[in-house]
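Biologist: Hey, could you walk me through this one? I'm new to it.
Modeller: Sure, let me pull it up.

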Amino acid sequence: MISLFFYVIIVSNIVRNQKMKKMACEYEKFLTKESKSLLKKYLTRDVYERIKSGLTHPESNVGLYACDQHAYKVFAELFDSVISDYHVGFCKNDVHPPSNWGDPAKLPSIDPESKYVISTRVRCARSVCGYPFCPLMTEQDYIEIQEKLKCAFRTKQAELNCEYYGLDKMTEEQRQQLVADHFLFRNDDKILEDANAYQFWPKGRGIFHNPEKKLLAWCCEEDHLRLISMEKGNDLRGVYGRLKNAIGVLESQVQFSHDDRLGYLTFCPTNLGTTIRASVHIKLPKLAKDMDNFKKIAKQYSLQVRGTGGEHTESVGGVYDVSNIRRLGLTEFDVLMEMSQGLNKLIQEEEKL
């Protein structure tokens, strides 16, 4: 029995050493690759030697995810640098402010003449307390989170008047309709796949939506919950107000992961704090003739320009997805103010050309 015990220890050490050698080799390759990712920027040799981070997909804009809520403290040496860069100066001693959704009616009107904005969308993400993020989740975790969210949506309050469609049980007709509505998330992102976000697919995954299809929730796509308010046109006040009301009801039903310094905790460090991403589909044809300049101007107003389908996609028909960059270090209402003001500045730039 003793000899078997030591045999297991020896084999385990050999396997571990092999893995360490492989990672060291991958890091040397990583150093030679051209990459604009924040991981490449901050994963110096000294930091790598201390935390042994993963190194795949240098094409990623950020380059790292958290395996669970504790990762933001365990690997703070790396995460804090990435967070400060992405969230424009939110330093390691800064503290995210308390939630304040404000009064949606006080938001500026965007695109008042309705010439440019095609549709408006505001979403937030949440993680259910007591469960890790997808790299460490078990099949049972996915199922339990799904059931908790289904129970929360069963409240009789009008804000959550949504039906649930589980990916493993929906009919082909339902699937095709959700695809046609551009609602259905898929498991075809290579970066998320390598981050173990698609384990046990499609167990525990699904979509809630209301009859008007203006309130939508993704269950266990990338985060435990993505709550989305959206509609055609430029009514940012209405879209934001719907999200505010819905998340208020959900937070009275489910306890979500929250940190005193970083706000709401989620899988990706870009989605900390408020976790809010407010975006529009917009046509700005003159600005789009020079994409480098378009993106440069947008960044001045803390906005990000992406393809029609979001990150890693191209524009379709000259339509771009423009959204806020910062989600951490300011309140929910501040996020919407910053986004709406920046968007109106972009429209002004378009009209100067």
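**Cysteines and strands**

Biologist: How many disulfides does the structure hold?
Modeller: The structure holds 0 disulfides. Bear in mind that this is a predicted model.
Biologist: Okay, take Cys-67. Which cysteine sulfur is nearest to it, and how far away is that?
Modeller: That would be the sulfur of Cys-134, 10 Å away, and Cys-67 is in no disulfide. A disulfide needs two cysteine sulfur atoms within 2.5 Å.
Biologist: How accessible is Cys-67?
Modeller: Cys-67 has a relative accessible area of 27%, which makes this residue partly exposed.
Biologist: And what about Cys-268, where's its nearest cysteine sulfur?
Modeller: For Cys-268 the nearest cysteine sulfur also belongs to Cys-134, this time 11 Å off, and Cys-268 is in no disulfide.
Biologist: Is Cys-268 buried or exposed?
Modeller: Buried: the relative accessibility of Cys-268 is 9%, and the cut-off for buried is under 20%.
Biologist: Switching topic, strand 1. How many of its residues are buried?
Modeller: Strand 1 covers residues 117–126, and 8 of those 10 are buried, so the strand is mostly covered.
Biologist: Which sense does it pair in with strand 8?
Modeller: Antiparallel, over 6 bridges, with strand 8 being residues 277–282. One of the bridge partners there is Arg-277, which goes with Arg-123.
Biologist: And how many bridges does strand 1 have with strand 5?
Modeller: There are 8, again in the antiparallel sense, and strand 5 is residues 225–232. In strand 5, Leu-225 is the bridge partner of Arg-126.

Notes: Residues numbered from 1 in each chain as written. Predicted model: local features only at pLDDT ≥ 70, side-chain atom pairs only at ≥ 80, totals over all residues. Heavy atoms only, no water. Buried < 20%, exposed > 50% of the residue type's maximum accessible area, 1.4 Å probe, protein only. Helix = DSSP H or I, 4+ residues; strand = E, 2+ residues; numbered from the N terminus. Pairing = 2+ DSSP bridges.
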